[in-house]
Amino acid sequence: MSTWGATKAKRVFAALLRIGWAIKRSAGSHFTLGRPDWPDYVWSFHDGDEIGPRMLSRIARHTGLRPEDL
């Protein structure tokens with residue numbers, strides 16, 4: 001069973017900013033996030049979008065996000 005539950009994109013984005021990611025640039029609704037020692041990550045979700053456990057797991061793999069960070 002996954003340790004991730006579904007949550008809103010706005011909450012995940014705020015958590016990414018809290019753990020050290022910063023907006024490097026934006027184009028429309030796409031944000032390129034940067035963090036030292038990590039490759040850039042493109043965020044393209046709208047605030048009200050519901051992100052499921054599977055997608056949260058993928059985001060976590062690329063960003064270092066943990067369930068307790070939400």
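This report walks through a predicted model of one protein chain, from its overall build down to a few single residues.

**Overall build**

Let's start with the secondary structure. The protein chain holds two helices and five strands, and reading along the sequence gives the pattern β-α-β-β-β-β-α. On size, the rule for a compact globule of 70 residues predicts a radius of gyration near 11 Å, and the protein chain comes in at 11 Å, so the two agree. If you line the protein chain up with its principal axes, the C-alpha atoms fill a box of roughly 35 × 25 × 15 Å.

How much of the chain is buried? Of the 70 residues, 29% are buried. The accessible surface of the protein chain adds up to about 4,500 Å², and carbon and sulfur atoms own 53% of that area. As for charges, there are 11 positive and 7 negative ones, and their mean positions sit 2 Å apart.

Contacts reach a fair way along the sequence, too. Take the contacts between residues at least 6 apart in sequence: 53% of these join residues at least 24 apart.

**Two hairpins that share β3**

Now for the strands in the middle of the sequence pattern. Strand β2 covers residues 22-27 and strand β3 covers residues 30-35; they pair in the antiparallel sense over five bridges. Two of the residue pairings are easy to find on screen: A27 stands opposite H30 in β3, and I23 has L33 in β3 as its bridge partner. The hairpin of β2 and β3 has two residues between the strands, and G28 takes a positive phi near 70 degrees there.

Strand β3 then pairs with strand β4, residues 38-43, again in the antiparallel sense, over four bridges. Here T32 stands opposite V42 in β4. Which residue takes a positive phi in the hairpin of β3 and β4? That would be D37, with a phi near 70 degrees, in a hairpin that also has two residues between the strands.

**T32, with a strand on either side**

T32 is found in strand β3, and it makes a handy place to zoom in. Leaving aside residues up to four places away in sequence, T32 touches A22, I23, K24, R25, D40, Y41 and V42. Why does T32 count as buried? The cut-off is under 20% relative accessible area, and T32 has 12%, so it qualifies.

A general point helps when you look at side chains here: in a regular strand they alternate between the two faces of the sheet.

**Three residues side by side**

P39 and S57 offer a contrast in location. P39 has its place in strand β4, while S57 is found in helix α2, which runs over residues 53-63. With the exposed cut-off at over 50%, P39 counts as exposed because its relative accessibility is 59%. S57, at 31%, counts as partly exposed.

| Residue | Relative accessibility | Class |
|---|---|---|
| T32 | 12% | buried |
| S57 | 31% | partly exposed |
| P39 | 59% | exposed |

Both P39 and S57 also have a partner that is far along the chain. The C-alpha atoms of P39 and T63 are separated by 8.5 Å, with their positions 24 residues apart along the chain. For S57 and G5, which are 52 residues apart along the chain, the C-alpha separation is 9.7 Å.

Terms used: Residues numbered from 1 in each chain as written. Predicted model: local features only at pLDDT ≥ 70, side-chain atom pairs only at ≥ 80, totals over all residues. Heavy atoms only, no water. Pairing = 2+ DSSP bridges. Rg over C-alpha atoms; globule rule 2.2 N^0.38 Å. Buried < 20%, exposed > 50% of the residue type's maximum accessible area, 1.4 Å probe, protein only. Contact = heavy atoms within 4.5 Å. Areas by Shrake-Rupley, 256 points an atom, 1.4 Å probe, with all protein chains shown as cover. Lys, Arg positive; Asp, Glu negative; His and termini not counted. Charge placed at Lys NZ, Arg CZ, Asp CG, Glu CD.
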